[in-house]
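User: Please take a close look at one part of this model, the strand pairing. Then set it beside the other local detail that can be described.

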Amino acid sequence: MRHEIRNRKEHIVDLSASERIVIVGAGQAAAQACASLRQYGFAGDLALIGEEPELPYQRPPLSKAYMKGELAKERLYFKPMDWYRAQSVDLKLETRVNALDRSACRVLLENEETLSYDALILATGSRPRTLPLAGAGLANVFDLRTLGDVEGVRPHMRAGCRLVIIGAGYIGLEAAAVARQLGLKVTVLEMADRVLARVTSPVMSAFYEAEHLRQGVDIRTSVRVTGLTGGSSVQSVVLDDGTEIPADVVLAGIGIVPNVELAEASGLGCSNGVLVDRDTRTQDERIFAVGDCACRPLVHYGRRGRLESVHNAIEQGKLAAAAIMGKPRPVEDCPWFWSDQYDLKLQIAGLSEGYDTLVVRGDPGERKFAVFYLKAGRLLAVDAVNSAPEFLASKKLIVSGASLAPDTLRDTTQSMKEIAAAAA
Ligand SMILES: Cc1cc2nc3c(=O)[nH]c(=O)nc-3n(C[C@H](O)[C@H](O)[C@H](O)COP(=O)(O)OP(=O)(O)OC[C@H]3O[C@@H](n4cnc5c(N)ncnc54)[C@H](O)[C@@H]3O)c2cc1C
């Protein structure tokens, strides 16, 4: 049987079943690419190389059910070890890839081993932005990216413990919600003048800020952290006005940066992520990049961007496998994301950047509403709180490029299904 790496611009590189595909990074996108390659019938050597000591696992529960102690560790793994054995996947954990040698088509591992490839998938993800502060290296100061990070934090998740979270993005606020539910004293510090400022509208920020205040979180916006004090472990967080906030444990959630160094050092184009086409192919026809590390065409928005979500990692893992195996390109959905805080299930479809009209459907006071973002009448995105029908209908409407009147969206006497059917 023969497989081909098929460039949809008609260029074809042959790849026989006896040849090898190497996937670097063993996270969400890598695990998907690996499973999809076997599903598409790739019968050659398949190596999956990840620097973490764990089998590929899901990250979302790390700031939700797993952090709260409500999910067993085994439930985080996508597949058990037996699956990788049965699929003849050469899984190399705790192994870092140090460099790519594109001219020789091989990767160099930190143990000085080399592995040749016929196709290479970069699924290196992203890493937390580090706190550029004195005291950031003290004990009990944690990032929130890996299972290892959460294993470090979990012993502190007990009533009365003083937790300071730096950064009020989704992950910081999810951790705050879990901590309050477990009875910790929680302070959230945010440099911007509102929570979730980078990712959503002032309406949503105000709703979430009010909810956390109501739940007893001490939220402070427009504050600048200048350092952390302590002996061996952290004792307080210091603000630029001299305020000292006592802390037993600190969580930093100040954003992530894509892991593009391997690609960059080997001369591949990068700009806020490894630049890829719709098939996740980089400038090198044998190399693909997927997930958090890739800057991709956003087909429903006519621009490029880097997405940090499970949906994106899964979609791109499938796109890469399909392109390598010469299969039809899977349908590209609009980007989507979710966040769980207290009893609030937030589901986000689309990208709201650039909206000119904002419409609120439902009543935030009832903890069940949706905020729609439109540009020149066209639906760009929705933030749906405890409102699955609004989320599901919007996904379809965004993909179809539908235009909707604000009054129609506001009208709760019509179901979202009816509104979507009329707009189709
Ligand atoms: C706490 C938390 C909560 C989240 N919640 C949500 C959510 O609710 N909804 C949602 O949609 N998304 C959520 N996300 C985001 C989502 O998990 C990520 O977008 C997704 O994991 C990205 O997958 P990835 O495979 O691109 O990267 P990753 O999952 O980060 O995997 C990349 C892997 O590659 C490894 N690696 C990097 N460089 C090398 C190298 N040189 N050699 C070997 N290995 C290497 C890394 O160590 C890592 O294990 C959350 C993320 C976190 C951290």
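Analyst: The strand pairing comes first, followed by the ligand shell, two loop residues and one helix pair.

The model is predicted: local features need pLDDT of at least 70, side-chain atom pairs count only at pLDDT 80 or more, and totals for chains, interfaces and linings use all residues. Residue numbers start from 1 along each chain as its sequence is written.

Helices (H or I, at least four residues) and strands (E, at least two) are DSSP runs numbered from the N terminus. Two strands pair if DSSP finds at least two bridges between them.

One open sheet has five strands in the order 5-4-3-9-21, with parallel pairing. Strand 5 (89-92) and strand 21 (287-289) are its edges; each has a single partner strand, so one side of each is left without a neighbour in the sheet. On average, neighbouring strands of this sheet are turned by 15 degrees against each other, direction ignored. Angles run from 0 to 180 degrees between N-to-C directions, and axes are lines fitted to C-alpha atoms, for helices over the stretch in contact. Within the sheet, five bridges join strand 3 (residues 20-24) and strand 4 (residues 45-49) in the parallel sense. Isoleucine 23 stands opposite leucine 48 of strand 4.

A three-strand open sheet has the order 20-22-23, and its pairing is mixed. Its edges are strand 20 (274-275) and strand 23 (303-305), each of which pairs on one side only. Strand 22 (residues 294-298) pairs with strand 23 in the antiparallel sense, over three bridges. Leucine 298 has arginine 303 in strand 23 as its bridge partner.

Strand 18 (residues 249-252) is covered on both faces: Val249 and Leu251 on one side, and Val250 and Ala252 on the other, are all buried. Buried stands for 20 or more other C-beta atoms within 10 Å of the residue's own, exposed for 12 or fewer, and partly exposed for the range in between, with C-beta atoms placed from the backbone. Strand 18 pairs in the parallel sense with strand 11 (residues 141-142) over two bridges, and valine 141 has valine 250 as its bridge partner. Strand 12 (residues 162-166) also pairs with strand 18 in the parallel sense, over four bridges. There, isoleucine 165 is matched with leucine 251.

Strand 24 (336-341) and strand 25 (residues 344-350) run antiparallel and are joined by six bridges. Serine 339 has leucine 346 in strand 25 as its bridge partner. The two strands form a hairpin with two residues between them, and tyrosine 342 in the turn has a positive phi of about 55 degrees.

Strand 24 also appears in the ligand shell. A residue is near a molecule if its C-beta atom, placed from the backbone, lies within 6 Å of it (the rule for a strand reads likewise). There are 37 residues around the ligand, and Gly25, Gly27, Ala29, Gly125 and Gly291 come nearest. Helix 1 (28-39), helix 8 (310-324) and strand 24 each give two or more residues to this shell. By class, the shell has 17 nonpolar, 13 polar and seven charged residues. Ala, Val, Leu, Ile, Met, Phe, Trp, Tyr, Cys and Pro count as nonpolar, Asp, Glu, Lys and Arg as charged, and the others, including Gly, as polar.

Two loop residues follow. Asparagine 272 sits between helix 7 (261-265) and strand 20. Asparagine 272 is partly exposed because 13 other C-beta atoms lie within 10 Å. Apart from its neighbours within four places in sequence, asparagine 272 is in contact with Cys295 and Arg306; contact means that two C-beta atoms, placed from the backbone, lie within 7 Å. Serine 201 is in the loop between strand 13 (185-189) and helix 6 (202-214). With 19 other C-beta atoms within 10 Å, serine 201 is partly exposed. Serine 201 touches Ser352, Leu358 and Val371, leaving out residues up to four places away in sequence.

Last comes the helix pair. The axes of helix 9 (residues 388-400) and helix 11 (residues 416-423) come within 9 Å and cross at roughly 10 degrees. That crossing makes helix 9 roughly parallel to helix 11, a label for angles under 35 degrees; over 145 is roughly antiparallel, 65 to 115 roughly perpendicular, and the rest oblique. Pro389, Glu390, Ala393, Lys396 and Leu397 of helix 9 meet Met416, Lys417, Ile419, Ala420 and Ala423 of helix 11. This contact has seven nonpolar, three charged and no polar residues.
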